[in-house]
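Subject: A structure for you to look through

Hello,

Here is the structure I promised to pass on to you. Please open it next to this message and follow along as you read.

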Amino acid sequence: MREELAKILVEWQESWTPELIERDFDFSLIPKRPRKVITFAGCRRVGKTYLMFQLINELSRVVPRERIFYINFEDERLEKNIGTLTDLIPTIEELYGKEEELYLFLDEIQNIPNWDSWVRRVYDSRKDIRLFLSGSSSKLSSREIPTSLRGRALTFEVFPLNFGEFLRFKGFDIPEKIEFSSKKPILLNLLREYVLYGGFPEVVLAENVRIKRLIVRDYFNTIIALDVVERYSIRNPEDLRAFIRLLLNSEYTSLGKAVKALKSSGYSISKSTLSNYLRYLEEVYFVFPLEVYSPNRMKYPKKVYFVDTSFLTFLSVRFSGNFGRLMENAVFIELRRRGEEINYASGDNWEVDFVLPEKETLIQVSYDVTSPETFEREVRALKKASAELGFRNAKLITWDRDGRIEKGGVEIELIPLWKFLLEYYLSERKAPLIS
Ligand SMILES: Nc1ncnc2c1ncn2[C@@H]1O[C@H](COP(=O)(O)OP(=O)(O)OP(=O)(O)O)[C@@H](O)[C@H]1O
């Protein structure tokens, strides 16, 4: 077995040249001190492995290549037992010496039982070894990091491409003065594509909608079958699927109501089971339930957003093609990517899509503000929310309308979606991606 390991290590040193498109990731956020085990967490296929590759590229500029190793524990040549891990460092040291710091990038490490005790041992006993871990499983996500690693690990959350990255993947150079540029119609077309089909790298690169649909459906099936059903040992996968169908077609999740709705379709599932399902789906970064901003939260249902708008486009009967809903989901993911604390707000006959309590900001998202009735409704909701919550920052994210209006003492900033999504990019900040 050690021979296989040696072969894989040498092969990696000799042949590794990944072709990748750079993501926005500020690697200076990875601390030198205190030394931490770095983990990359996020939904399946968002690009965690490629982000590790990008980091390896950056690192290769300052660290000799023979001190950096990448191993994918899904490699069928490797035995999936702890022996593979315990042999790893001695094998590298035999082959390449042990003088300097060693950087180990270990992918899908959760395939090895008891991997976490090995990680802890290495972390505690070898100050000269830096570990970077990734995996499709929530076992590596911050919420589920084994207790033995707590305090030793720092997790970076990876999301589907942001709009700036999406444009880079599409080979589109963002012009200087977008508002006045002749390239703006192209930008808006690309934005439409981004909102409809989302930011999974492979889906973005796929050449037509038919292929995009196939890939997204395949991701969906894999997430449900492997990341949820298998990992959490779900006994009735059909029940889970019925619940997901419900989520994909409703804006809110009140578990009580879900129990009733499912019952009327012939599924008998308890509230506590549904609550577990929702937690699992959240742990694998497939959905993000959003709470209302209110002291008595229990009275209000949660709203549900998906990690990527493509799931709504290709799998939702109700929201497929509902551009307003897709825009709202895209804005949510962008806020989440920036690490904002987010809620929604609701009152008598009004609702505001997002509240950022720390920034005292209200955000409403609306596709069609050209219709005076819709515009009035959105503005009214912002006014009511502002009066009730005392937050004076109000933004209305539109498809492409800029400006500022004052209504009843509340100033509302109108922001085109492209401008909102590129805010970080335009201000040359990079999304922190830290949880
Ligand atoms: N930066 C990138 N440049 C070019 N292609 C990319 C990039 N990131 C991801 N991809 C494409 O998306 C695919 C999935 O990316 P990757 O394997 O990194 O995802 P992952 O999050 O590690 O997936 P899993 O959770 O299934 O292991 C890659 O095989 C590649 O085709």
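Below is what I found in it, going from the overall picture to the details.

Please keep in mind that this is a predicted model. The protein has 15 helices and 14 strands. Its radius of gyration is 23 Å, close to the 22 Å that the globule rule gives for 435 residues, so the protein is as compact as a globular protein of that length. Along the principal axes, the C-alpha atoms fill a box of roughly 75 × 55 × 45 Å. Buried residues account for 37% of the 435. Of the contacts with a separation of 6 or more, 67% are between residues 24 or more positions apart.

Now to the inside. In soluble globular proteins, nonpolar side chains tend to be buried together. Here the largest nonpolar core has 107 residues, and the members that touch the most others are F286, V331, V352, L362 and L382. Which helix gives the most to this core? That is α13, residues 323–337, with six residues. To see one core member in its surroundings, click on V331: leaving aside residues up to four places away in sequence, V331 touches F354, I363, V365, I397 and F420.

Helix α13 deserves a further look. Its 15 residues should span 21 Å at 1.5 Å a residue, and the end C-alpha atoms are 21 Å apart, which agrees. The buried residues of α13 include L326, M327, A330, V331, F332 and I333, but also E328, N329, E334 and R337. After the helix comes G339, with a positive phi near 80°.

There are two sheets I would like you to find. One is an open sheet of three strands in the order β6-β8-β7, with antiparallel pairing. Strands β6 (252–253) and β7 (287–290) stand at the edges with a single partner strand each, so one side of each has no neighbour in the sheet. β6 and β8 (residues 302–306) are joined by two bridges, and Y252 stands opposite K303 in β8. Helix α13 packs on this sheet, touching β7 and β8, and its direction makes about 85° with that of β8.

The other is an open sheet of six strands with mixed pairing, in the order β9-β10-β11-β12-β14-β13. Its edges are β9 (343–347) and β13, each with a single partner strand, so one side of each is left without a neighbour in the sheet. From one strand to the next, the twist averages 30°. Helix α14 (residues 372–389) packs on the sheet and touches β9, β10, β11, β12, β13 and β14; the direction of α14 makes about 60° with that of β10.

Last, zoom in on the β13 edge. Is β13 (residues 403–407) buried or in the open? The number of buried residues among its five is zero, so β13 lies largely in the open. β13 pairs with β14 (residues 410–416) in the antiparallel sense, over five bridges. Among the pairs to look for, I405 stands opposite I412, and K407 has V410 as its bridge partner. The two strands form a hairpin with two residues between them, and G408 in the turn has a positive phi of about 50°.

Enjoy exploring, and write back with any questions.

Best wishes

How values were computed:
Residues are numbered from 1 along each chain as its sequence is written. This is a predicted model: local features need pLDDT of at least 70, side-chain atom pairs count only at pLDDT 80 or more; totals for chains, interfaces and linings use all residues. A nonpolar core is a set of buried Ala, Val, Leu, Ile, Met, Phe, Trp, Tyr and Cys residues joined through C-beta atoms within 7 Å. A residue is buried if 20 or more other C-beta atoms lie within 10 Å of its own, exposed if 12 or fewer, and partly exposed in between; C-beta atoms are placed from the backbone. Helices (H or I, at least four residues) and strands (E, at least two) are DSSP runs, numbered from the N terminus. Two residues are in contact if their C-beta atoms, placed from the backbone, lie within 7 Å. Two strands pair if DSSP finds at least two bridges between them. Axes are lines fitted to C-alpha atoms, for helices over the stretch in contact, and angles run from 0 to 180 degrees between N-to-C directions. The radius of gyration is taken over C-alpha atoms; the globule rule is 2.2 Å times the number of residues to the power 0.38. The expected span of a helix is 1.5 Å times one less than its number of residues.
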